[in-house]
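Q: I'm new to reading protein models, and I'd like a close look at one part of this one. Could you walk me through chain B and how it meets its partner, then point out a few spots in the partner chain as well?

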Amino acid sequence: MSQHLVVAPILLPLLIAALQLLVGEKRRRTALALSIASCVALVLLAAALLLEVSADGALAAVYRIGDWPARFGIVLVADRLSALMVLLTSVLALALLPYALGRWQHRGGHFQPLLQFLLMGLNGAFLTGDLFNLFVFFEVLLAASYGLALHGSGARRVSAGLHYIAVNLTASMLFLLGVSLIFGVTGTLNMAALAELIPHVPERTRALLHAGAALLGVAFLIKTAMWPLGFWLPRTYAAAAPAVAAMFALMTKLGIYVLLRLGLLLFGAGAGPASAHFGSAWMLWGGMATLVAGTIGMLGARDLGKLAGYNVVVSAGTLLGAIGLQQSAVTAGALAYLVISTLAIAAFFLIAGLLASDGDDDTDDTLSLEPYEQPGETPANESLYAQEDESRVVIPAPIAMLGLSFSACAVLLAGLPPLSGFLAKFALLAPMLDDAGRGAQLLFALVVAAGFCTVTALCRAGIQIFWVEPERIFPKVRLTESVSVALLLGLCLLLTVWPERPLHYLRDTAAQLHAPGNYIHAVLPGAEVAP
Amino acid sequence: MELVLAAAIGILAASGVWLLLRPRSFQVIIGLTLISYAVNLFIFSIGGLRTGADPVLHEVAGNVAQYTDPLPQALVLTAIVIGFATTALFLVVLLTSRGLTGNDHVDGEDGTP
C-alpha cells in the first residue's frame, strides 16, 4: 500500500473533481463536503509522504507507472523537495476552503471541481519525474487556473484573463520547443536519465541542448514572472477572486520549483565543465531585476490587490536570485522564505478581499489607495492629525482583527522580527554574507532594500485604510472567512515558535538537491554518476 | 526534404509571431494556431526525417535502425490534443470578452480611431 503513496496526491483530487462534476451544481453541500474530505486527506497523505522521504537514509520514493523500467516508462519521484511542495499545496488549499464558503462562491459555477483539478495539476507537476509529463500536468493546472481566474466573470476579470491565457499559451509553446530540442539531442525525457547523460553529450550538439534548456527556462521564467516577462501578473492576480489569487500565490512558486530542480539536477556542479551552472547567472541577475521592478511597482500600487500582486513579484525575484547563486546554505534559506512568503501573501490576498468586498457588487472590488501628495499641496489626510486626542475611537472587534492580521502580514512580508518572516529572511541572507561574489552582495543589498520598501508601502496602505478614515464603513466579516486568514497566519506563528525541525528539514532538503546522486540512483538503480 | 520542412516551420512560426502581436483577437488566435502548427511539426521532425519507415515493429523486429522513432509521434499527438483544447478555451474567453466589452481588441484599446 505504501508504495502507492506517491501517486495518491494526483489521483485523489482527480477522482474527487470527477465526482463533484457528477454531483452537479445543485447540491453544493455534497460538493463542499467532498472538497473538505479531499483536502484533509491530501494534507494527511502529504504529511505521510514527507515522513517517509525524510526518514534517516531514505532514498527518494519512486513510483513506476505500470512497473515499466524508468528509462522506458513514466516515473513519479518524491524527494524531500517534492514532498515539501505537495504539503504546502494541500495545507494552503485546506486553509482556503473556509473562505470559499463565503458569498462569492455563488457568483460562478464549478468552483470546487476546478480547485481540485488545480490541485491535481500542481501535485502532478511537483511529483513527476520526466519533462513531458511536467508539460501535461502544467497544462492541467493552467486549464483549471484559466477557469478559476475568470471565476465571477465581469469585464475586468475577463480582459485580465485574456492576457493571462495568451501569455501562458505562448509559454506552453516555448515549453514544447525546449522539451523537443532536449529530446532530439539526448533521446530521453526522464530527468534522472538526462542528468546522467548531460556530462557525456558531444560538443557538436551541446549548443542545441543548451538552447533547448534555455527555451524551457524561459517558459518557467514567464510563469515565475521574471522581469521583463512578468507584466501580466499583478493585473491578473488583482482581478482574480481573493481565494483564487491566494491559491495562485503558489503558482509562481511552481516556476521556482522547476527552475530549482532542473537547475541543480541537470546543470549542477556534476554536469561537466561545459554545462555546469548553465543559466544560473541569468537567474541571479534576472531575479535582481525582478526584485527592483516589483519594489517600484509595490511603492506605486494604487489598490490593495495590485499591492499584493507586486508582493508576489518581489518574492519571486528574491527566490530567483537566491537559487541563481546555487549554494546549499542559500537554497535552504530560500526554501524557508518560499514557505513563509507563500502563506503570508495568500493571507494578504484574503485580507485585501475582506476589506474590499462590500455588498453584492463586485465588478470593481479592489480597495483603491490615495495618490501620493504633490509637493506644495496641503496634506489630503489632515484628519489624521486634527482629530487626535479629541475623541476616543472605539474599534469594533472585526476591524481590530482585520487590522491585526494586516499588520502581521506586513511584518511577515517585510521580514521584520519577531515573526517567522524574519527567521526565513535571516536564513536566506546570512549565508550570502560569506560569499565574496559581487552578485551575492548586490542581491543581499537589494533584498534588504526591498524589505524596507515593503514596510513603507504596507504602512502607507495600513494607515490609509485603518486610521485615516475612522468613519469608513467596513464590510461585514464572516466567521468562516476570518478562519482562513487565522489559519494561514497561525501557521506562520507556529513556525515562529517552533522553527527548529522545519529548518533542519530544509537544510537536509537543500543538501539533497545539491547532491543529485541520490535522486538519480533512486530512479535508475545502477546508474553511473558521481555522487 | 529537411530544407522544405525547416522553411515551412520557419514561415509558420514567423507569421504566427507577427499575428500574435496584432491588436485584435481574431489575429491573435490565428497567430497562436499557426505557432502551434509550427511547434507540432518541429516536434514531429525532431526524431529525424525518414521516408516510408514504420514507427511500429513488425512481427520480426529486424534492424531497429530501419524504423523511425515512435516517441516524437506520441509526443506530438499529446501536444496536438492539449493545444487544441486550450485554444478552444481561449476562443470561449475571447467571445465572452467580446460580449462584455463590445469590441474584439486585446490591447486595451476600444477600436475607435
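A: Let's start with chain B, move to the place where the chains touch, and finish inside chain A. Keep in mind that this is a predicted model, so treat everything below as computed from that prediction.

Chain B is all about helices: there are three of them and zero strands. Following the sequence along, you read the pattern α-α-α. The radius of gyration of chain B is 19 Å, well over the 13 Å that the globule rule gives for 113 residues, so the chain is more spread out than a compact globule. You can picture that with a box: along the principal axes, the C-alpha atoms of chain B fill roughly 65 × 25 × 15 Å. As for burial, 27% of the 113 residues of chain B count as buried. Now take the contacts in chain B with a separation of 6 or more: 54% of them come from residues 24 or more positions apart.

Next, the meeting place. Here 23 residues of chain B are in contact with 21 residues of chain A. On the chain B side, α2 (25–45) and α3 (70–101) each supply at least two of the touching residues. The largest share belongs to α3(B), with 13 residues. What kind of residues are on that side of chain B? They divide into 17 nonpolar, six polar and no charged.

Now step across into chain A and look at how some of its helices pack. Start with α2 (residues 28–53) and α4 (residues 111–127) of chain A: their axes are 10 Å apart and the angle is about 20°. Angles under 35 degrees count as roughly parallel, so α2(A) is roughly parallel to α4(A). The crossing of these two is left-handed. From α2(A), the contact uses A:A31, A:L32, A:S35, A:S38 and A:L42, while α4(A) brings A:Q112, A:L115, A:Q116 and A:L119. Sorted by class, that contact has five nonpolar, four polar and no charged residues.

A second pair to find is α10 (residues 242–266) and α12 (residues 304–325) of chain A, which pack at about 10° with their axes 10 Å apart. That angle makes α10(A) roughly parallel to α12(A). Residues meeting here include A:I256 and A:L260 in α10(A), and A:L319 and A:I323 in α12(A). By class, this contact has nine nonpolar, two polar and no charged residues.

Finally, zoom in on the backbone of some loops. Most residues other than glycine have a negative phi, and most peptide bonds are trans. With that in mind, check the bond joining A:W227 and A:P228, which is cis with omega about 0°. You'll find A:P228 in the loop between α8 (203–224) and α9 (232–239) of chain A. Another cis bond runs from A:P417 to A:P418, with omega near 10°, and A:P418 sits in the loop between α15 (397–414) and α16 (420–434) of chain A.

For phi, look at A:D67, which isn't glycine and yet has a positive value near 60°. A:D67 is in the loop between β1 (61–64) and β2 (75–78) of chain A. With 7 other C-beta atoms within 10 Å, A:D67 is exposed. A:H277 also has a positive phi near 60°, and lies in the loop between α10 and α11 (280–300) of chain A. A:H277 has 15 C-beta neighbours inside 10 Å, so it counts as partly exposed.

Conventions:
Residues are numbered from 1 along each chain as its sequence is written. Chains are lettered from A and ligands numbered from 1 in the order in which they are written. This is a predicted model: local features need pLDDT of at least 70, side-chain atom pairs count only at pLDDT 80 or more; totals for chains, interfaces and linings use all residues. Two residues are in contact if their C-beta atoms, placed from the backbone, lie within 7 Å. Helices (H or I, at least four residues) and strands (E, at least two) are DSSP runs, numbered from the N terminus. Ala, Val, Leu, Ile, Met, Phe, Trp, Tyr, Cys and Pro count as nonpolar, Asp, Glu, Lys and Arg as charged, and the others, Gly among them, as polar. The radius of gyration is taken over C-alpha atoms; the globule rule is 2.2 Å times the number of residues to the power 0.38. A residue is buried if 20 or more other C-beta atoms lie within 10 Å of its own, exposed if 12 or fewer, and partly exposed in between; C-beta atoms are placed from the backbone. Axes are lines fitted to C-alpha atoms, for helices over the stretch in contact, and angles run from 0 to 180 degrees between N-to-C directions. Angles under 35 degrees count as roughly parallel, over 145 as roughly antiparallel, 65 to 115 as roughly perpendicular and the rest as oblique. A crossing is left-handed if the near helix is turned anticlockwise from the far one by less than a right angle, and right-handed if clockwise.
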